[in-house]
Amino acid sequence: MIGIVLALVAVVGAATSIEAHEIGTTHVTVRLHGGAAPGGGRVTEGGRYDIDVETDAAALLDKLETLADRPGPAPTAADFSERLAAFETLFRDRVAVAFDGAEARPDVRFAVTPPRDDVSPWTARIRLTGAIPSGASRLTWTYGWTFASYALSIAREGEDTAANEWLEGGQASTPFALATPAPRVSRAGIAWQYCVLGFTHILPKGVDHVLFVLGLFLLGSRWRSILWQVSAFTLAHSITLGLSMYGLIGAPPSVVEPLIAISIAYVAIENLVLTELKPWRVVLVFAFGLLHGMGFAGVLTELGLPRGEFVTALVTFNAGVEAGQLTVIALAFALVGWLRGDTSYRRWVVVPASFAIACMAVYWTIERLQF
Amino acid sequence: MSASAPSAATRSRTVRLVVVLGVLAAAARLGAHDFWIEPTTYVPEAGRIIGVRARVGDGFLGDPVPRDSALLDQLIVEDAAGRRPLVGHDGDDPAGLLRINAPGLHVVGYLGKPSRVELAAEKFNAYLAQEGLDQVAAARAARNQSGTGARELFTRCAKTLILAGVAAAEQRDRALGCRFEIVAERNPYTMAPGQALPLRLTYDGRPLAGALVVAMNRKRPADRISARSDAKGRVQLTLPSGGGWLVKAVHMVPAPADANADWASFWASITFDLPAPPATTVEGRS
């Protein structure tokens, strides 16, 4: 018996090859259940595997009986699975389920399916089951009972996609990672990604926010008025964005979005009425900033925030929004800033631009209220 | 030119077991497998439909190969009525179905398309030794290539002889048109164990001399009987027992210049059932 085992070990060891052969009818399906730590790369306790080997039953019994030198008569429906099961020990010698290189000892059950007609073969289904060792990270499969190439399919529970591989008999599979690997994105990468998302949410995607910022820019010819308003707006939307993302406050978009449109209309219309910054304007802009912050929060919720880098993503998204707004002001200044000291500035720039913004905002208000 | 292995009866069970295991271990090292046809029965009644199963493996132990148009050129039968293709669908095992229309000898052939394989030096050298391809090994040694791997195009030609009804001497195997082919020159269904079966090997229609021909029995695949073909491509193998037999040979030539390969190999096999005397008939799968 020791001789047999040694010889079999030699067979299994020597049969590892990479050359292509004819493809047979054997299929192996590995399923992994539970115990996977999300993103952890390792498996916690409670995970299980089950492996189905589907293969030609007569061909397998033939090999087992020849190797054991126990040739028998033609199998029948009544004794087929029992006769296969009688060779369980021998069968195990050429099958290996290994976790991180350590071989596991699965439970093995043999079953056979009768052929659909008298020229088709019997199919054996051998199910190997067991517990995934705690802390295991990789599974390797080896099957030495076929001379043909066969397909191996490995899938984690709840995942649609399976890993597939063509293997030769006796060839070890590529080690399969048991848990979903954590995406390797650095903090700097996340910061840049969310900063860009924040910026593009203003330019070019946030036309309403752009018009609001332009509305702030248009009032008054002095830098001080712009500075005050933008500061109040920034402070306010940062507060509500943060609070909303932490789930402390919340308002449905059906309320927030029309209010944002009204705030744009208000600023534009006030630009038409007033010529200088009044204290209440700053207060109102602050209040509007609170609204816009909740709007940003809606967008950020849709994008999703990485669990591990929540604060990084939140702060950098806000910074991106800020950069977008400052860019709008810089572009506006480059376009019409040289006219600000001119007496015709209000007549030819502020009034028509504010009028256009007001019209757009009123239209949006009506549109958004219809939801 | 014939030779036979010592009778299995003279060996102890242990010795035979070691031989079986040795053959399997060697086969696994080779990475080059035999290819043959195993019908669901060799001796059907007229009117029956039988399955023609293609098998890949070693030592008559094998696995089914479903029909695959990427590998299969022709799956045909020749009987008294002539030649016809066997029906079958891609992916099916058996690769083809054969309806036995009339009694007589049916010569079934699986004519494969060339397939590509790349083997490491050690495996390729072991396989050359196993298949008796000494000239190829010598050519590689002369070119200092023995330490390098080889790119190979291999082509299968598997035949089986199926008998419906009563055997007769005039029922003959025949060449089906493989580039490398084994043809039985006597109807094995008219033979008894212990008699010599004459076979002829042809490559590109001409006799092939010096090829190693190996025969093995379904029940004792480790007891190999082998001989080399003579100048006329002939070989005689004395088959000691009844039951299913596989006779096979491999021929190898330098690959054509445009094939992007080093060697082209041709794998010929023929299977049949040698009638056992009634007294020694053992129930078993064939």
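Trainee: What share of the 286 residues in chain B do buried residues make up?

Mentor: Buried residues make up 48% of them, where a residue is buried if 20 or more other C-beta atoms, placed from the backbone, lie within 10 Å of its own, exposed if 12 or fewer do, and partly exposed in between. This is a predicted model, in which local features need pLDDT of at least 70 and side-chain atom pairs count only at pLDDT 80 or more, while totals for chains, interfaces and linings use all residues. Residues are numbered from 1 along each chain as its sequence is written, with chains lettered from A and ligands numbered from 1 in the order in which they are written.

Trainee: How many helices and strands does chain B have?

Mentor: Chain B has three helices and 17 strands, these being DSSP runs numbered from the N terminus (H or I, at least four residues, for helices; E, at least two, for strands).

Trainee: How are α6(A) and α8(A) placed, and at what angle do their axes cross?

Mentor: Two packed helices are described by the angle between their axes and the distance between the axes. Here the axes of α6 (residues 207-218) and α8 (residues 253-273) of chain A come within 9 Å and cross at roughly 25°; axes are lines fitted to C-alpha atoms, for helices over the stretch in contact, and angles run from 0 to 180 degrees between N-to-C directions. The two helices are therefore roughly parallel, a label for angles under 35 degrees, whereas over 145 counts as roughly antiparallel, 65 to 115 as roughly perpendicular and the rest as oblique.

Trainee: Which backbone features of proline and of residues other than glycine should I look for?

Mentor: Most residues other than glycine have a negative phi, and most peptide bonds are trans. In chain A, the bond from A:Leu203 to A:Pro204 is cis, with omega near 10°, and A:Pro204 sits in the loop between α5 (187-202) and α6. In chain B, the bond from B:Asp93 to B:Pro94 is cis as well, with omega near 5°, and B:Pro94 is in the loop between β5 (82-85) and β6 (96-99).

Trainee: Where does B:Asn260 lie, and is B:Asn260 buried or exposed?

Mentor: B:Asn260, which is not a glycine yet has a positive phi of about 55°, lies in the loop between β16 (243-254) and β17 (263-274) of chain B. With 10 C-beta neighbours inside 10 Å, B:Asn260 counts as exposed. A:Asp69 also has a positive phi of about 55°, but A:Asp69 counts as partly exposed, with 15 such neighbours inside 10 Å.
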